[in-house]
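Open the model in your viewer and keep the sequence panel in sight. The tour makes a few stops, each beginning with a selection.

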Amino acid sequence: MRLLRMHASLAALIVLVGSGGLNAEEPYATDAAGFIPYWVVLEPVTVSAAEGKGKGLDKDYIGEAGAKPSPGEKLKCAGQEVAWKLQTVEDGTPSIDGEATDGARLYIVTYLVAYLVLEKDMDLSVLWGTDDSGAVFVNGKEAGRFAGGRGCVPDSGLTEKISFKKGVNVVMLKVLNESGNWAGCARIVDADNAPVAGLRLAATPEGKAPEGAGWPVVKTGQKPVKLPAPPRKPAENTAANAAGGWKNVRGNLGGGSAGLVLMSAVPEKDEVLAYLNQNGIWSSASGGDSWIKLGAGDDEPISNLPHHILFDPKDAHRFWSSGAYGSGIWGPGVFMTKDGGKTFQRQGYAGHTAGIGVDFADPERKTQLVGTHEGARRLYLSKDGGQKWFNIGKRLPQGSGFCHSVIVADAATLLVGCWKGWNPHLSDGIYRSEDAGETWTKVSDFGPSANPLLLKNGGYIWSCSNFLIQSSDKGKTWKKMDGPAESSPIELPEDKLAALAKDQIYVTADAGKTWEKTCEPLPDKCAGIVYNSVRKTFFTWRADAVYRWEGK
């Protein structure tokens with residue numbers, strides 16, 4: 001795979017960062033964005049299909065804890081004789097790309113080693129990415145890993161803060177590739193996640209510069225790419241944060257190709273979930289102070305563009321996640337856990353999915369419905385608990401919008417929210433079926449733009465771009481809600497509701513008749529809100545941050 005092409009809806013989350021500007025006193029150093037341009041690279045080694053798909057992360061091919069190769073050094077790896085070579089990136093690109101050296105290769109492992117020479121002890125982190133699976137090591141210790149298919153997107157992973165020592169430090173990427181071109185990239189950031197430029201890079205474990213002509217530039221043919229900005233420093237948060245209101249608690253939460261997309265609060269537990277693009281679901285039971293990746297040991301990890309997390313109202317340990325793209329453009333979209341996220345199981349082969357609905361009236365949860373990401377008249381129904389899916393979208397009228405948001409009232413009663421989005425040939429609308437999707441009736445011209453809120457009293461609330469709509473009769477009729485609320489509706493204890501209007505949280509205790517402001521305005525460009533009922537506090541997020549409300 002090449003560097004992943006970002007979806008248009010996420011393009012606004014990334015900014016252009018140059019990769020020049022080396023410290024004039026250090027000819028070989030981290031660049032202005034903190035990227036490592038100069039590496040000692042192992043010639044790719046062919047491995048088994050299972051290893052190339054990620055199993056090789058658990059196999060040590062070179063003595064990883066003590067690896068300190070020199071250019072030209074040869075070794076036998078997986079029965080093949082290979083050598084370490086100097087390699088640097090092309091100007092304007094952040095990654096070492098296999099296309100430059102050996103073209104597309106099926107199932108390989110390679111390593112990229114950088115010698116970082118510091119003049120003093122420093123606390124630093126590494127933002128990194130690989131194509132496909134990969135791991136990052138610092139001074140012989142593994143600091144992060146990812147298993148699954150993906151393009152090499154900068155900042156897909158973020159290590160915890162690491163104490164780098166004065167002198168020579170070893171940063172190493174391990175890359176496992178399924179198909180196409182392999183690639184890897186890394187950059188160095190400080191304790192505030194600001195890029196650290198001008199750190200000297202050596203060619204040998206003794207800290208020496210390369211001999212002769214220096215580091216060869218290998219032409220990859222890549223075009224300069226837009227690079228994600230590192231997570232913002234706390235100093236850039238709002239005045240409310242500085243005063244003790246909204247606190248950034250991203251902590252050790254991993255990175256993703258477009259960062260954090262979705263959050264959810266586990267019902268009646270002191271736990272919040274963060275769903276990252278191409279980097280799965282992470283959990284915090286400490287209010288965001290620390291995070292762990294759920295399902296980290298799964299054979300088939302979640303690696304899609306997040307759309308929905310849906311909890312079973314009878315058992316919060318069981319929930320479903322759905323998303324688009326995944327491993328390959330049409331990779332698996334729906335996953336389910338029965339153990340609170342320790343492990344996930346793929347639900348059949350529905351791909352490129354959006355919102356999901358489950359028949360909670362059925363103890364066996366057999367009837368499931370899932371919408372699709374920007375898919376007009378593409379809607380998948382399962383009658384066996386998600387093992388097999390059938391496209392019933394063609395039964396919707398021609399011209400109905402993107403079928404991305406769904407509700408399952410019972411095994412026979414289904415609802416789909418269609419949104420015209422950017423397509424002028426489509427139309428908004430809510431469609432309802434009373435015969436398990438055989439026929440559909442349009443019950444509203446409203447166009448839901450997000451996943452529904454399923455109320456404990458059996459009612460539904462949907463967001464429609466800049467207002468909310470509600471139904472109390474299983475979706476037969478819909479009406480616009482009064483008041484300022486526009487998006488992100490959530491249910492609070494004591495039958496209260498909260499929602500957003502621009503960057504302000506409002507709360508209602510009378511089902512939307514009256515609303516009152518709560519909390520200070522959200523920090524810049526936050527995407528939504530969730531509520532931890534144990535801590536009795538709100539969380540909000542954007543691509544590069546998680547905020548917890550600490551005010552009154």
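Start with the lining of the largest cavity: select Gly 280, Lys 293, Leu 294, Gly 295, Asp 298, Pro 301, Ile 302 and Phe 344. Keep in mind that this is a predicted model. By class, four of the lining residues are nonpolar, two are polar and two are charged. The volume enclosed is about 40 Å³. How many cavities of 30 Å³ or more does the structure hold? The count is one.

Next, select residues 305-312, which make up strand E20. Seven of the eight residues in E20 are buried, so that the strand is mostly covered (buried here means under 20% relative accessible area). Now add residues 315-324, strand E21. The two strands run antiparallel and are joined by seven bridges. Two residues separate E20 from E21, and the pair forms a hairpin. To see one facing pair across the hairpin, pick Pro 306 in the selection and find Gly 323 of E21 opposite.

For the last stop, select Leu 415, in strand E29 (residues 414-419). Is Leu 415 buried or exposed? Leu 415 counts as buried because its relative accessibility is 0%. Expand the selection to its contacts, leaving out residues up to four places away in sequence. Among them are Leu 369, Val 406, Ile 407, Ile 430, Tyr 431, Trp 440, Tyr 460 and Trp 478, and also Arg 432 and Lys 474. Finally, draw a C-alpha to C-alpha distance from Leu 415 to Ala 436: the two are 21 residues apart in sequence and 9.8 Å apart in space.

Note on methods
Residues numbered from 1 in each chain as written. Predicted model: local features only at pLDDT ≥ 70, side-chain atom pairs only at ≥ 80, totals over all residues. Heavy atoms only, no water. Buried < 20%, exposed > 50% of the residue type's maximum accessible area, 1.4 Å probe, protein only. Helix = DSSP H or I, 4+ residues; strand = E, 2+ residues; numbered from the N terminus. Pairing = 2+ DSSP bridges. 1 Å grid on protein atoms, 1.4 Å probe; cavity = no way out; pocket = protein on both sides within 12 Å on 5 of 7 lines; lining within 4 Å. Points joined across faces, edges and corners; volume = space filled by probe spheres on them. Nonpolar A, V, L, I, M, F, W, Y, C, P; charged D, E, K, R; others polar. Contact = heavy atoms within 4.5 Å.
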